[in-house]
Each structure stands twice: as C-alpha cells, then as structure tokens.
Amino acid sequence: MSQRARTMPLKSLSVLLPGIKWLHGYTAQDAVADLIAGITVGLTVLPQGLAYATLAGLEPQYGLYSSFVGGIVYAMLGSCRQVTIGPTALLALMTSRHTGFGLDSGPAYGILLCLISGVVELGMAVLKLGALVDLISLPVTVGFTSATAVIIGTSQLKGLLGLRGGSGSDFINTMRSVFGNLSQVRRGDLTLGLVSISVLLLLRRLKTVKVAQRVRNLRAQQLLSGSIWVVSTGRNALVVLVSSVLAYSQCKSQDSCPFILTGKVKSGLPSLALPKFETTIMGKNGTEVPQTFEQMLSELGPSMLILPIIAVLGNVAISKAFGGAGLSPTRELVALSLSNICGAFCSSMPVTGSFSRSAVNHASGVRTPIGGCYTSVLVLLALSLLAPYFQYIPKAALSAVIISAVIFMIEFEVIRPLWRCSRRELLPGAITFVMSLAIGVEIGLLLGVGADVAFLVYRAARPVLSVSKLQTINGMSYILIRPKHSSLYFPAIEWVRSGISKALSTHGTAPVVLDCAHVHDFDFTAARGMGSLYKELAKANVPLFLMSAHKDISVILKESTNIDFPTIDCPNDLESLVEQMPDFELHLQVTAPLVESKMLQTVEANATELSKLTTSSA
C-alpha cells in the first residue's frame, strides 16, 4: 500500500512532465554521455546563436538568450533524445522582416513574435492540427528551404565583404545594395571571410577522411579519429575563436581595425519579464513614433501564422528523422510551443528544432534529452563569463559560419528524380522558389501551397476515366466507364457526364456500365448529378448500371435521388437485366451513335421515327 502511495505522485507528475521518464534507470554512464553531447552541441550553438541573432537584426546576446530555455523545456516535455531546440537560420530570417524599425522596437517585435508563435503552436496541439503541415509537399518544402538559403546567404554578403549597414531579408534589394557598394569592400573582412568559409568547408569534410585507418596502433587510432571528430564537429567554435584572437591582437592596440567587429555584447542573464506589448519606432523624419499592441500585430501580419507552421514542419521532420514513426506529434507540438512561450519571458526570439545541431547531438552519442540541459548550462556560463570577449568576434567570421551552414540547404539533387518521375510537381516547387526570392518567403510559401492545392482540386474535378467497349460472353456490347479515383465529388460530375456522352458518340449506343469497385464516396451534389444522368440516358433508351458498387454508395444514391440504380456484380449479369427491360429489342437494333449535343434526344420506338433518326444521323 505504501509502495503504491509512493508511485502514484510520480505517475501523476509523469503525465504533466513526460520527460521525467528519462530519469528512471538514469545511470552515471548516461550522465557522462549526455554531458559530452551537451558540451559538443553547446560549442556549436554558441557561434550559431550569435550569428543568427545578427541575421535576425538583433543584438548578439539575444541569440544566446534563445539557446538555453528550449533545451530545458524540451528535456521535461520532449520525446526525441536527439532534438535540440534553439534559434535557426530560417526563423531568424523571417524574424528579421520585423526588426528593422530602429530604437528598441527590434527586440520587442522579435520577443512578441516568439510568444505569439508559442501560443499558435499550443493551439495547434490542443486542436490536434499538426496534420496541417502535411499540406506542404516535399517540392514546396524544397523550394522554400532553397530560396531561404539563397536569401540568407546573400544577406550575409555585407558582413563578408565588410560593408556597413544591416543585412536585411529582401533578396533583390540586398543584391542591389551589395553591387552598388562594391567599391567600399574592406580587404581585411573579405580575406578573413573567404578563409573562414574555406576552413569550415574543409573541416566539414575532415570527418570523411580515413586518416586514422593508416595508423596500426589501436589506441593511437582511436585517439586520432576522436580528435578529428572533435575538430570537425566544433569547427564553428574553432573558427570563431581563432578569428577573435586575431581580431583582438590586431584591434586592441591599434586605432584602426582591419575588421568590423560584433561590438559589445551585454553580459549576464536575461531578466525574467513579460514581452512588451507597446514599443517605439523611428519615423521617416527621425521622430519617435509609438506603436500600440494592435499596430504591432498588424506589422507582424502573416508571420504570426506562417512562422509557427514552418517551425512545426521543421521540428516534426527532425523528430521523424531521428526518432522514427512512434513519436507523438501532439507531444512534440506541446514541447515546442512551451519552449517559445517560456523563452519569450527570457527575451528569446522564435525557436524550433535545429537539424544540424540535432545531427551533432546524435553523432555525439546523446542518450536522453537531458543533454539539452547541459547545453543550456554551458550557454548560461558563456553569458555570465565570456560575454565581454564576444565583442572581438569579427562579423565576417559570423557571416562565414552562416553561409557555410546554409549552402547545404539548397537541394539541387531533388530536381532530377522529380523530372524523371513527376514533372508536374516541379511547378509548385519552382513557384515557391521564384516567388520567395522576388516577393518574400511568406508569400512564396503560400503560393506554392496554393498551387499544390489547385492541382489536388483539379484532379478531383477531372478524374481519369478509362473508357472501353467490351462484349459479354454471349456477344452483347456494352461501354465500361472506370474512374481511377476513389471519390466522385460535385466538381467531377459534369466531367463524368461529358465522358459518357463522348463514349456514346464514339462507340455507338450500348448499355453503360460504371465500374464503382474503386469508388468509395459520393457527395450529395454528385449523387444528384448521377440521378440526372440516369434520367437523361433513360430518355435516350440507354440503360446505366453500377458494377461492384459498395453498399454505402447505393444508400447515398438512393437517399439523394429516390432512384434504384440497377447494380451488377460482373458484366455477364447485363444480359439477364437487359432482357427484363421493355426496350430490350431497341437496344439490340439501334446502333447509330448519339451526337454529344443531342444526347438527350428521345428515340421513338416505332419504325417510322427510327428510320428518320437513322437518316438524319447519316
């Protein structure tokens, strides 16, 4: 009884905080593995956090503020041990569209967007709307991520070339600005940036080099392979550290510095406070313009919905990639939403799962999501102890970190298999890519999804009909209409009627058999349309049969039209049913095709009218 009393509170707590289950049987070996993975991910997130904050148009410390809350929250609520929550290049780019109004409005907009994103994601979890991300097809996703990678890369050209001014998120204006200021390129920044990118790419490839296999001593081989892996994995931190030391030595004792530096980074932990629901921006004439909560929401606009959907899409994709199909999408949504909501109280910009850091986490041998707590502790220590030294990080080095990361987001390899297998799907992807570059990533994504939905609607409205004229065992001819879709809805009924009319015009008058073996659903309008079609064919003495119709289909047609559609199980059943019809002889005699526009013409049974009809048709 006492044992049950002790386990009940733990079970209740596990319902509220599912991550507690990781503590059951948590050993010292698990703790060491999580610690190593947490530190490794921390060395990756520190330079990335600083770089992504700059990309978002915020001061560098906001990238670190965004890097520790998600790890703690996900450790308590998440279900995939490899996932790491924090700032990403894509969300930083989308945030940057609202942070360029001057004064203190940038952080206010970024933090408010983080809070709203969390609330929207929580609403999606409560309403179980995670399936909305299924509306975004792979070609649209590829077009979107590739376009954002291009925009992010070009936005860092200013930092790479040593040009002053914000990076921005507009591809066309950014390129125009860069080409218009090429005469102001700083050699120091350009050289450092290009060298940094080259070193980062070489170190990325270092893991694939099998140098350790050439060493015969097993211990030396393990030591060498481990050292190569550490250097390759921590390449971002290594490049930032070396470039900072170089900048410190060049700029500390000299009046002129060859590099543009990050600048002072606020030291210490962020204050725990509500996001600001009012702010002040810089007007066109240099005056301060107050912004109310309603005006802030108006400025954020579609980003309040699109950014959370993109965050969910990325997080679900990462969870499926590493955790398999057994994960709960709702649980992942709750973990992501609370990471954003709690992060907003700690001055965080929007966060989601990072594929690159999750891959590092996986490669580091993480065993539980508690590894994210160790990463968060490392970030907090950096904010407390290392912030004064972050001011010596060259912007060119941070730009190199971002560029070397996003160039692998451009997925050229998808184009060839799509061209071979389904060229139609290239169009939504191309629309997304081009429109994202020309207008904006939000509009580009919406247009791409709209193109995909339009194709789905077109397929529903224009189902593929297989038409053939066959004969029964005894030689009775009939026209078989076989839809290749499982549903017939109201946009398709006119298409089916037109198809039957064309079949009668082509093959001549014969009983029409609609194969319903693969049709599982009719809507009310389509059912009524089938009733009208049945009556029209009956006036033309053309019987319509349903073959292999499911019981539900027959009930829907009966209730909607009050017509008992004749049904057959196979074509050979036609003869017995046709023989029972009063116009059976007419079906065997009339062979003149019906003209499509005259499909409703009534065929009289007497010989005089029949000869007139035959003459006029000839």
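This report walks through a predicted protein model, from its overall make-up to a few local sites.

Residues are numbered from 1 along each chain as its sequence is written, and side-chain values rest on heavy atoms, with hydrogens and water left out. Because the model is predicted, local features need pLDDT of at least 70 and side-chain atom pairs count only at pLDDT 80 or more, while totals for chains, interfaces and linings use all residues.

## Overall picture

The protein holds 27 helices and 11 strands; these are DSSP runs numbered from the N terminus, with at least four residues for a helix (H or I) and at least two for a strand (E). Of its 618 residues, 47% are buried. Here buried means under 20% relative accessible area, exposed means over 50%, and partly exposed lies in between (1.4 Å probe, protein chains only). Among contacts (heavy atoms within 4.5 Å) with a separation of 6 or more, 78% join residues 24 or more positions apart. The accessible surface comes to about 30,300 Å², and carbon and sulfur atoms contribute 62% of it. Such areas come from the Shrake-Rupley method with a 1.4 Å probe; for residues, only the protein chains shown count as cover.

## The five-stranded sheet

Let's start with an open, mixed sheet of 5 strands in the order E5-E6-E8-E10-E11. Its edges are E5 (465-471) and E11 (567-568), each of which pairs on one side only. Pairing requires at least two bridges found by DSSP between two strands.

E5 and E6 run antiparallel over 7 bridges, and Gln471 stands opposite Ser477 in E6. Their hairpin has 5 residues between the strands, and Gly475 there takes a positive phi near 95°. Strand E6 (residues 477-483) is largely enclosed by the rest of the structure, because 5 of its 7 residues are buried. E6 then pairs with E8 in the parallel sense over 3 bridges, where Ile479 has Val512 as its bridge partner. Val512 also has a bridge partner in E10, namely Leu544. E8 (residues 512-515) and E10 (residues 544-547) are parallel over 4 bridges.

## A hairpin and the loop before it

Strand E2 pairs with E3 (residues 288-291) in the antiparallel sense over 4 bridges, with Thr280 matched to Pro290. The hairpin has 5 residues between its strands, and Gly286 in the turn has a positive phi of about 85°. Thr279 and Ile281 form the covered face of E2, while Thr280 and Met282 form the uncovered one.

Glu278 lies in the loop between helix H12 (235-251) and strand E2 (279-282). Glu278 counts as exposed because its relative accessibility is 58%. Leaving aside residues up to four places away in sequence, Glu278 touches Gln291, Thr292, Phe293 and Met296. The C-alpha atoms of Glu278 and Thr292 are separated by 5.0 Å, although the two residues are 14 apart along the chain.

## Salt bridges

The whole structure contains 8 salt bridges, each a side-chain nitrogen of Lys or Arg within 4 Å of a carboxyl oxygen of Asp or Glu. Three of these pairs are listed here.

| Basic residue | Acidic residue | Closest N and O atoms |
|---|---|---|
| Arg97 | Glu442 | 3.2 Å |
| Arg424 | Asp452 | 3.8 Å |
| Lys558 | Asp564 | 3.3 Å |

Arg97 and Glu442 form a salt bridge that links distant parts of the chain, 345 residues apart: Arg97 sits in the loop between H5 (89-96) and H6, and Glu442 in helix H21 (residues 441-461). Glu442 is buried at 6% relative accessibility, whereas Arg97 is partly exposed at 31%. In the second pair, Asp452 is buried at 9% and Arg424 is partly exposed at 34%. As for the third, Asp564 is exposed at 60% and Lys558 partly exposed at 32%. Elsewhere, salt bridges that share partners join Glu494, Arg497 and Glu536 into one network.

## Two more sites

Thr561 belongs to helix H24 (residues 551-561) and is buried, with a relative accessible area of 14%. Beyond residues up to four places away in sequence, Thr561 touches Ala527, Arg528 and Gly531.

On the surface, Leu122, Val126, Leu127, Leu129, Leu132 and Leu135 make a nonpolar patch of about 530 Å². Patches are made of residues with over 30% relative accessible area and no salt bridge; like charges are joined within 9 Å and nonpolar side chains (Val, Leu, Ile, Met, Phe, Trp, Tyr) within 5 Å. Val126 lies in helix H6 (residues 105-126) and is exposed at 61% relative accessibility.
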